[in-house]
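Biologist: Hi, could you walk me through this structure? I'm new to this, so plain words please.

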Amino acid sequence: MASESKFIDYIDEALEKSKETALSRLFFIHQGIPYPITMCTSETFQALDTFEARSDDMVLASYPKCGSNWILHIISELIFAESKKKYEYPEFPILECGDPEKYQRMKQFPSPRVLATHLHYDKLPGSIFKNKAKILVIFRNPKDTAVSFFHFHNDVPDIPSYGSWDEFFRQFMKGQVSWGSYFDFAVNWNKHLDDENVKFILYEDLKKNLAAGIKQNAELFGFSLTGEQIQTISAQSTFQAMRAKSQETHGAVGPFLFRKGEVGDWKNLFSETQNQEMDAKFKECLAGTSLGAKLKYESYCQA
Ligand SMILES: Nc1ncnc2c1ncn2[C@@H]1O[C@H](COP(=O)(O)OS(=O)(=O)O)[C@@H](OP(=O)(O)O)[C@H]1O
């Protein structure tokens, strides 16, 4: 039965498709990047070229498992605080997921529209830049990102599982997971973090100081909120608060999506060899870069 939430309906449909999909058949490649056939189609990618961004669209760009649902929640609370109207997602918020007609329907949606995406920078529709939509780029340290990704596959009963953490790690390092390589995604974004209309936020910073992160997001998207409103949103955006409501907000997958919400969980899975391999990859791709410094790798991945 269809629920009241488009969000939950979409997730349930994707889970239903996942049940019949073996890991070996999960991906299709579009412009060199693997995407899950349960969420993306080449027809939708083709239609995405016709998507017209607006200058007041709020674009949330992240690699999977870096906290997009957290930021989506914060943004909808910011909209609620200012408009007093609950922000209902008229479509599943990941821009590249859904049926090809979604971009036609989106033309009718009132502003502001909130669009999340896991697309790499160079795969984003050109109208986002042409029409100067604001983009918030969310990053999380690669070790916790990989661990979160692995658990999502292996904990959710209907999503194809990997044989072991070691197998997942090998595929993650090769970029043969949904939405491709974390490191390609990062290298691509590294050149654009100082572009006009682009702001960066780090999962670990948000975790350390939620109120400051919420304030920063509010400023980027032009919300003027009181300190009290920021505190209220902070209380509703903690991991515990979001996990407690996750079934209501995200359906059956909720408790798996809001799994642990910690920094440093990688220490429970990474072997010494895997640590060395990822440290070397980080060095090769990001050492000495602006994003490399912003990720605070020594603090979050080596301490
Ligand atoms: N409020 C809050 N505080 C701290 N951490 C949070 C919060 N909300 C979501 N999360 C954690 O974000 C991870 C899921 O990331 P995404 O939402 O980007 O996942 S997805 O790619 O859209 O499937 C996933 O990380 P792990 O718990 O490590 O698996 C979520 O728990």
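Modeller: Happy to; we'll start with the overall fold and then look at one helix pair. This is a predicted model, where local features need pLDDT of at least 70, side-chain atom pairs count only at pLDDT 80 or more, and totals for chains, interfaces and linings use all residues. Residues are numbered from 1 along each chain as its sequence is written.

Biologist: Cool! How many helices and strands are in the protein?

Modeller: The protein has 17 helices and six strands. Those are DSSP runs numbered from the N terminus: helices are H or I with at least four residues, strands are E with at least two.

Biologist: And what does the C-alpha trace span along its principal axes?

Modeller: About 50 × 40 × 40 Å.

Biologist: What share of the residues is buried?

Modeller: Of the 303 residues, 34% are buried, meaning that 20 or more other C-beta atoms, placed from the backbone, lie within 10 Å of the residue's own.

Biologist: New topic: where does UniProt put the sulfotransferase domain?

Modeller: The unreviewed UniProt entry lists "domain: Sulfotransferase" at residues 56-289, though such annotations may be inferred rather than shown by experiment. That span is 49% helix and 9% strand.

Biologist: Now the helix pair. Which residues of helix 3 meet helix 10?

Modeller: Ile 74, Ile 75 and Leu 78 in helix 3 meet Ile 214, Asn 217 and Ala 218 in helix 10. Contact here requires C-beta atoms, placed from the backbone, within 7 Å.

Definitions and conventions
Contact = placed C-beta atoms within 7 Å. Buried ≥ 20, exposed ≤ 12 C-beta atoms within 10 Å, placed from the backbone.
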